[in-house]
Amino acid sequence: MVKLVFCLRRKGDLSREEFQRYWLEKHGPLVRRHAAALKIRRYVQSHTLDTPFDALLRESRGTAEGYDGVAEVWWESLGDLEAALGSAEGRAAGLELLEDEKRFIDLPRSAVWFVEEKFEFSSPTPRGNRTGRGAA
């Protein structure tokens, strides 16, 4: 599997809530509509939270300003991605997605790249607690 990771920053005229609502309610369904043409196997939006821990985490590590969200898009292989982008239908879908991204994403301040996942571990959910939140 090959994955695209897209760390998103919102356009300056949008609040975090407006950005995340548009991304979820408008852009997400557009990606779904074009998934077959683009040979997308999986698509996940990770919406950042605004917590008291954010500033502490950045300060303790000396990191830069956070992103507003992360999109992840999976393909079975680079060959599938190449085939999708090589078709007229795939190119048209890609252009439509890009035009929509320009409506809510500050593209010059965002980052995007391809990765190959290397699985490390997954913690089992404690017995009797399917939420994974520990004992009540």
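This is a guided tour of the structure above, moving from the whole chain to its sheet, its helices and a few single residues.

**Before selecting anything**

The model is predicted, so local features are reported only at pLDDT of at least 70 and side-chain atom pairs count only at pLDDT 80 or more, whereas totals for chains, interfaces and linings use all residues. Residues are numbered from 1 along each chain as its sequence is written, and side-chain values use heavy atoms, with hydrogens and water left out.

**The whole chain**

Begin with the protein chain coloured by secondary structure: it has four helices and four strands, where helices (H or I, at least four residues) and strands (E, at least two) are DSSP runs numbered from the N terminus. From the N terminus on, the elements follow the order β-α-β-α-β-α-α-β. The C-alpha atoms fill a box of roughly 55 × 40 × 30 Å, taken along the principal axes. Switching to a surface view, the accessible surface comes to about 9,600 Å², of which 54% belongs to carbon and sulfur atoms; accessible areas come from the Shrake-Rupley method with a 1.4 Å probe, and for residues only the protein chains shown count as cover. Of the 136 residues, 29% are buried, where buried means under 20% relative accessible area, exposed over 50%, and partly exposed in between (1.4 Å probe, protein chains only).

**The sheet**

Next, select the four strands, which form an open sheet in the order β2-β3-β1-β4 with antiparallel pairing; two strands pair if DSSP finds at least two bridges between them. The edge strands are β2 (42-47) and β4 (111-115), each of which pairs on one side only. Neighbouring strands of this sheet are turned by 15° against each other on average, direction ignored.

Now restrict the selection to β1 (residues 2-8) and β3 (residues 69-75), which pair in the antiparallel sense over seven bridges. Along this pair, phenylalanine 6 stands opposite alanine 71 in β3, and leucine 8 stands opposite glycine 69 in β3. Strand β3 is mostly covered, with six of its seven residues buried. Adding β2 to the view shows six bridges joining β2 to β3, again in an antiparallel run, and the bridge partner of arginine 42 in β3 is tryptophan 74.

**Histidine 47**

Stay with strand β2 and select histidine 47, which lies in that strand. Histidine 47 is partly exposed, with a relative accessible area of 27%. A distance drawn from histidine 47 to valine 70, C-alpha to C-alpha, gives 6.7 Å, although the two are 23 residues apart in sequence. Leaving aside neighbours within four places in sequence, histidine 47 is in contact (heavy atoms within 4.5 Å) with Gln20, Trp23, Leu24 and Asp68.

**Helix α2**

Move on to helix α2 (residues 53-61): of its nine residues the number buried is zero, so α2 lies largely in the open. Just after α2, select glycine 62, whose phi is positive, near 65°.

**Helices α3 and α4**

Then display α3 (residues 78-86) together with α4, whose axes come within 5 Å and cross at roughly 90°. That makes α3 roughly perpendicular to α4; angles under 35 degrees count as roughly parallel, over 145 as roughly antiparallel, 65 to 115 as roughly perpendicular and the rest as oblique. The axes are lines fitted to C-alpha atoms, for helices over the stretch in contact, with angles running from 0 to 180 degrees between N-to-C directions. At this meeting point, Ala84, Leu85 and Gly86 in α3 meet Ala88, Gly90 and Arg91 in α4.

Within helix α4 (residues 88-104), select glutamate 89. Glutamate 89 is exposed, with a relative accessible area of 56%. The C-alpha atoms of glutamate 89 and alanine 36 are 9.7 Å apart in space, while the two residues are 53 apart in sequence.

**Aspartate 106**

Finish in the loop between α4 and β4, where aspartate 106 is placed. Aspartate 106 counts as buried, at 18% relative accessibility. With neighbours within four places in sequence left aside, the contacts of aspartate 106 are Arg9, Arg10 and Lys11.
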